[in-house]
Amino acid sequence: MSSKHPFFKISAGVFFAAALSMMGACTNESKISESVEPQAEINEPYLVNDFTGEITLRTDCEGTNIHWEYEGIDGPDYWEDICNSWDCGGNHQSPVNIIPPASRNLAKKLRFYWKNTATFIVNNGHTIQYNVDQPANLNEASYISLNGQKFYLLQFHFHAESEHTVNGVHYPVEIHFVHRNPIDGQLAVVGVFIEEGNHNPFFDDIMTSWPHDEGDFASSDTYNPKVLMPAGYNSTYDAHFWWYGGSLTTPPCSEIVNWMVWSTNIEASHEQIAEMEAILHENYRPTQPLNNRLVKAQ
Ligand SMILES: [Zn+2]
């Protein structure tokens with residue numbers, strides 16, 4: 001599949017010019033979506049951009065995106081002090097260190113219904129994020145079914161090193177596939193570790209096309225994101241993951257996430273991982289206390 005999705009870099013200037021010319025259409029679009037589900041939009045700790053599919057953080061700090069970083073005085077140790085409406089000092093935060101339980105428990109009925117999609121790739125200054133095209137008809141959208149509830153795939157993005165650790169050990173890279181339940185606004189995030197190993201054909205084109213600077217964009221042809229999942233990921237008995245209740249790992253750290261972290265990994269070569277690390281700049285939050293939570297194994 002590597003040759004099937006050439007990437008096209010778009011400069012931020014070109015994108016904003018296009019966005020400006022479409023502003024009228026976007027305004028109408030957002031009015032329509034507000035009228036469809038007004039209750040769901042009001043109390044959520046984030047907003048979903050209808051145009052890009054990106055989650056924008058809602059804050060009470062004058063409604064602006066508050067600056068934060070992965071180091072220094074705006075780093076993770078201080079996130080809880082930056083804005084008092086954030087949950088970063090809460091008791092159910094993510095990521096966590098996973099100590100694999102001795103036994104498995106089949107409490108989660110999880111099925112993937114991901115479809116072929118184009119993605120819009122953005123360097124947002126914190127990660128490289130692939131926003132999944134959102135079709136007008138929900139029946140054509142990618143989703144997972146988790147114990148009978150549908151969570152739609154909004155985007156996936158990358159962290160280096162991994163955010164979750166296993167027995168205290170980081171993997172080089174972790175992918176987060178972010179899904180949202182439009183009924184109650186809860187999120188389901190699937191985490192997949194990338195370990196060093198075989199060359200991964202999915203990253204052939206990406207490594208030359210990832211937008212390297214904040215604000216840069218790129219887009220892709222159509223493909224199915226399942227190429228980034230480990231073998232057996234959609235099998236009742238071969239899909240192995242850890243799950244627990246936690247939070248967004250970036251501000252506002254909202255405690256609304258069903259975490260499912262895969263216990264089988266995918267691989268990328270040493271060179272591919274080095275290039276990801278160079279772009280991602282250690283964009284991981286340190287692990288947080290489990291407190292009264294249990295991590296379970298599926
Ligand atoms: Zn993430």
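This is a short selection-by-selection tour of the structure you have open.

**Whole chain**

Keep in mind that you're looking at a predicted model. Start with everything shown as cartoon: the protein chain has six helices and 17 strands. Colour by burial next, and 36% of the 298 residues come up as buried. If you like contact maps, take the contacts between residues at least 6 apart in sequence: 73% of them join residues at least 24 apart.

**Strands β5, β8 and β9**

Select residues 110-113, which is strand β5, together with residues 143-146, which is strand β8. The two run antiparallel and are joined by four bridges. For one pair to zoom in on, pick L110, whose bridge partner in β8 is L146.

Stay on β5 and turn on side chains. Which of its residues sit on the covered face, and which on the uncovered one? L110 and F112 make up the covered face, while R111 and Y113 belong to the uncovered face.

Now add residues 149-159, strand β9, which pairs with β8 in the antiparallel sense, again through four bridges. Here I144 stands opposite F151 of β9. Follow the chain from β8 into β9 and you've traced a hairpin with two residues between the strands. Click on N147 in that turn: its phi is positive, at about 45°.

**The nonpolar core**

Hide the cartoon and bring up the largest nonpolar core, a set of 62 residues. As background, nonpolar side chains in soluble globular proteins tend to be buried together. Which members touch the most others? Select V189, V192, I194 and M260. Then highlight residues 187-196: this is strand β12, which gives the most to the core, with seven residues.

Centre the view on M260 and leave out anything up to four places away in sequence. What remains in touch with M260 is L110, A188, V190, G191, F241 and W243. You've met L110 already, on the covered face of β5.

**Two cis peptide bonds**

Time for some backbone geometry. Select S94 and P95: the peptide bond between them is cis, with omega near 0°. P95 is in the loop that links α4 (79-82) to β4 (97-98).

The next stop is the A160 to E161 peptide bond, also cis with omega near 0°. To place E161, look in the loop between β9 and β10 (165-166).

**Positive phi in the last loop**

Finish in the loop between α6 (270-280) and β17 (296-297), where you'll find E282. E282 is not a glycine, yet its phi is positive, at about 50°. Is E282 buried or exposed? E282 counts as exposed because it has 10 C-beta neighbours inside 10 Å, and the cut-off for exposed is 12 or fewer.

Move along to N291, in the loop between α6 and β17. N291 isn't a glycine either, and has a positive phi of about 55°. With 10 other C-beta atoms within 10 Å, N291 is exposed.

Methods: Residues numbered from 1 in each chain as written. Predicted model: local features only at pLDDT ≥ 70, side-chain atom pairs only at ≥ 80, totals over all residues. Buried ≥ 20, exposed ≤ 12 C-beta atoms within 10 Å, placed from the backbone. Contact = placed C-beta atoms within 7 Å. Pairing = 2+ DSSP bridges. Core = buried A, V, L, I, M, F, W, Y, C linked by C-beta atoms within 7 Å.
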